[in-house]
Amino acid sequence: MQVLVIGYVWPEPASSAAGSRMMQILEFLLSTGYTVSFATTASRGPWAFDLSNLGITTAQIELNSSSFDEYLKGLNPTLVIFDRFMMEEQFGWRVNKICPDAIRILDTEDLHFLRNFRELEFKGKAGYGNSGSSDLAKREIASIYRCDLSLIISEAEMQLLISEFKISPTLLFYLPFLFEDITASHISELPAFENRKDFISIGNFRHAPNVDAVVYLKEAIWPLIHKQIPDAKMEIYGAYPSARIEQLGDPKFNFNIKGRVKDAAEVVRKARVSLAPLRFGAGLKGKLAEAMINGTPNVTTSVGAEGMNGSLDWNGVITNDPEEFANAAVNLYNAPREWQQAQNRGFEIINTRFTKKVFYESFRERLSKLELELSKHREANFIGAMLMHHRVKSTYFLSKYIEIKNELEKTEKTKK
């Protein structure tokens, strides 16, 4: 089976959880025996993963260009995965036109409209609406309906879509992080409590929740921790730190901005406690999974822990109060017994809720069923068919207008 993945950006697994998520999906496709191609409109940065090393062919594609139609005809995929709803908006109608029998899958990454609403709500700009009242919500939900299946990374978001938006579970598939089981051998190689030191916080600074978390940490939480453990350091890691983030660094205060790190696992496993005071956001938090895998207990907020542990005990403490947050961090840092218990709970969360062999099997079964029953599946999704009908009409003419406009501009430049 030929699979085309239309990426929002080139995957950077060392930079963001979104990059790691994309690599997990690509690895699943390859393990299933699919032939995989990856195409994107984005420019390739220096930190992009070299997909050719995995045998994945890549292509640079254009927005509002019939050249994509020709590329699609040549590839003739039987399965197309859109990386975030924006890619489905741009290319979904073309896939439907050129390859109408191809299965269309949306990987939401997280619900963008939910993350955006929570940020506005946190800043007091949400007004009197709810998460579904924005144009962003309407766009993203419409994209879910137009696809045959949408991959949802968090159980909390699955519940929201089903209960609040009344989306049929037949259109959704819960696919969280996909990890190898944590083995006794892996655990034995991790540094012990007494061989670790300092606190760590890690996250891509192109992501607004991470920026806010570090500012909040510096202003409200770290002063309380530093007062109790003056020798401990707060080490802040993350790709693409802005000047604003860099300026938060204060070595005299043991608050250090480290920036990008090539091997996140290495620095996480050296730290004694991970801190993630996230005040808004959505989806699952890769930084917390990274901490659990590397045996580093953490303190986070209810937003940070959402969708991660289910009914299992957290591998540290969950609190939204800055003073409680600081005290919990200090207690974990100074109490070997509690620290060890928290570490073990993290291993249990990963091995119980994110073991990839379980989700590989269930995802393969869902894809096989979808392939066999695609016509019947689409007949049952009238809203999706209706939205596709109207979207194709409107998007077709807008895209053609932009394409002709671009061609005219190129012609004018040539004449000059």
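A charge is taken to sit over a ring if NZ of Lys or CZ of Arg is within 6 Å of the ring centre and within 35 degrees of the ring normal. In this predicted model, Arg260 meets that description, lying over the face of Tyr240 at 4.8 Å from the ring centre. A second case involves Arg279, whose charged end is placed over the ring of Tyr216, 4.0 Å from its centre.

Rings also pair with one another, and a search of the whole structure returns 15 aromatic pairs. One of them joins Phe68 and Tyr71 in a tilted arrangement, with 6.2 Å from centre to centre and 40° between the planes. Both residues belong to helix H2 (residues 67-75), where they are 3 residues apart, or about one turn of the helix. Phe68 is buried because its relative accessible area is 1%, whereas Tyr71, at 22% relative accessibility, is counted as partly exposed.

Another pair, Phe199 and Trp222, is edge-to-face, with 5.8 Å between the centres and 80° between the planes. Phe199 is in strand E8 (residues 199-202) and Trp222 is in helix H8 (residues 208-228), so this pair ties together parts that are 23 residues apart in sequence. Both Phe199 and Trp222 are buried.

Aromatic residues also gather in a group: Phe28, Phe173, Tyr360 and Phe363 make up one aromatic cluster. Tyr360 appears again among the contacts of Gln24, which also touches Pro176, Phe177, Leu178 and Phe179 when residues up to four places away in sequence are not counted. Gln24 itself is part of helix H1 (residues 17-31). With a relative accessible area of 9%, Gln24 is buried.

Notes. Residues are numbered from 1 along each chain as its sequence is written. This is a predicted model: local features need pLDDT of at least 70, side-chain atom pairs count only at pLDDT 80 or more; totals for chains, interfaces and linings use all residues. Side-chain values use heavy atoms; hydrogens and water are left out. Helices (H or I, at least four residues) and strands (E, at least two) are DSSP runs, numbered from the N terminus. Buried means under 20% relative accessible area, exposed over 50%, partly exposed in between (1.4 Å probe, protein chains only). Contact means heavy atoms within 4.5 Å. Rings of Phe, Tyr and Trp (its six-membered ring) pair if their centres lie within 6.5 Å; planes under 30 degrees apart count as stacked, over 60 as edge-to-face and the rest as tilted.
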